[in-house]
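Please walk me through this model. I want the fold, the core and the aromatic contacts.

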Amino acid sequence: MSAAPGTIGGAYGAGKAGAPFDPLTYIKKPQVILRLVSLLFSIVVFGCISSGAWFGTKCQMNDDTNACGYGTGIGVIAFLLCIGFLIVDAFFENLSSVQHRKYAVLADLASSALWTFLWFVGFCYLTDAWRRTDPNDHTYVQPSGKGKDNIQAAIAFSFFSIFSWGGLTFLAVQRYRLGAQEAFNTGYDQDPNASSPYSSFPGSDSGDPYQQPPFSQQKETPDYQPPTY
């Protein structure tokens, strides 16, 4: 269902289309706050892995290059997703089509749910790789212990990212349910002033069309005259 520009009010948790952009209102949106937090977490994860988890060409997490690559990959993509959806959130109010708003919310829901799962997998993967790391094997671990704090920070912020992206998933579900409910109510609302197709019976003054039967009979007293004797 779509509507003409400027006629949408509150569809999928947003105001009417065509409203002026208000930076203060925008920055106070819960999804915008969580996106900024998630963006910061993603920078910490891929930044710490890139700067401290490598010893030459070897990953210091049990010499598992896939662990370092996975943490860097999901961190960079999460960063790009946050940037993209921050832009979508800024222009969401100006989407005049309910369908376009629906697609934006569904895309947010799908990506947030997927990255919640990927961050959970990443946290478990990085934690297990670091647990199995032999600190005395200096073929892939730096003797000075350099990079240890970076790796532990990356693991910690991977854990925090599970909750930030889980919060984004929850908010997207709420927005989708709100939009679906509004679409249902709009499609099935009836005009309370609409006249009923069934008219009342003629001659009914009570206003209740079912108070009197359709065929009323009146008892007539017959003219009775006593016989004359």
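Some questions and answers on this structure follow.

This is a predicted model, where local features need pLDDT of at least 70, side-chain atom pairs count only at pLDDT 80 or more, and totals for chains, interfaces and linings use all residues. Residues are numbered from 1 along each chain as its sequence is written, and side-chain values use heavy atoms, with hydrogens and water left out.

Q: In what order do the elements of the protein chain run from the N terminus on?
A: Helices (H or I, at least four residues) and strands (E, at least two) are DSSP runs, numbered from the N terminus. The chain has five helices and two strands. Their order is α-α-β-β-α-α-α.

Q: What percentage of the residues of the protein chain count as buried?
A: Buried means under 20% relative accessible area, exposed over 50%, and partly exposed in between, with a 1.4 Å probe and protein chains only. The chain has 229 residues, and the buried share is 31%.

Q: Which helix gives the most to the largest nonpolar core?
A: A nonpolar core is a set of buried Ala, Val, Leu, Ile, Met, Phe, Trp, Tyr and Cys residues joined through side-chain atoms within 4.5 Å. This one has 27 residues, and Ile-49, Met-61, Trp-115, Trp-119 and Trp-165 touch the most other members. Helix 2 (30-52), helix 3 (65-91), helix 4 (98-131) and helix 5 (148-188) each supply at least two residues. With seven residues, the top contributor is helix 3.

Q: What span does helix 3 reach from its first C-alpha to its last?
A: The expected span of a helix is 1.5 Å times one less than its number of residues. Helix 3 has 27 residues, for which 39 Å is expected. The span in the model is close to that, at 39 Å.

Q: Which residue caps the N-terminal end of helix 3?
A: A polar contact is a pair of N or O atoms within 3.5 Å; within protein, one must be able to donate a hydrogen and the other to accept it, and residues adjacent in sequence count only if both atoms are side-chain atoms. Here a side-chain oxygen lies 3.0 Å from the backbone nitrogen of Asn-66. That oxygen belongs to Asp-64.

Q: Which residues does Trp-115 touch, not counting residues up to four places away in sequence?
A: Contact means heavy atoms within 4.5 Å. By that cut-off, the partners of Trp-115 are Ile-74, Ile-77, Ala-78, Leu-81 and Trp-165.

Q: Why is the ring pair of Phe-46 and Phe-79 stacked or edge-to-face?
A: Rings of Phe, Tyr and Trp (its six-membered ring) pair if their centres lie within 6.5 Å; planes under 30 degrees apart count as stacked, over 60 as edge-to-face and the rest as tilted. The count comes to eight aromatic pairs. The centres of Phe-46 and Phe-79 are 6.2 Å apart and their planes lie at 75 degrees, so this pair is edge-to-face.

Q: How many residues apart in sequence are the parts that this pair ties together?
A: Phe-79 is partly exposed, with a relative accessible area of 25%. Phe-46 lies in helix 2 and Phe-79 in helix 3, so the pair ties together parts whose separation in sequence is 33 residues.

Q: Which arginine lies over the face of Phe-92 at 4.9 Å from the ring centre?
A: A charge sits over a ring if NZ of Lys or CZ of Arg is within 6 Å of the ring centre and within 35 degrees of the ring normal. Arg-101 lies over Phe-92 at 5.5 Å. The residue at 4.9 Å is Arg-175.
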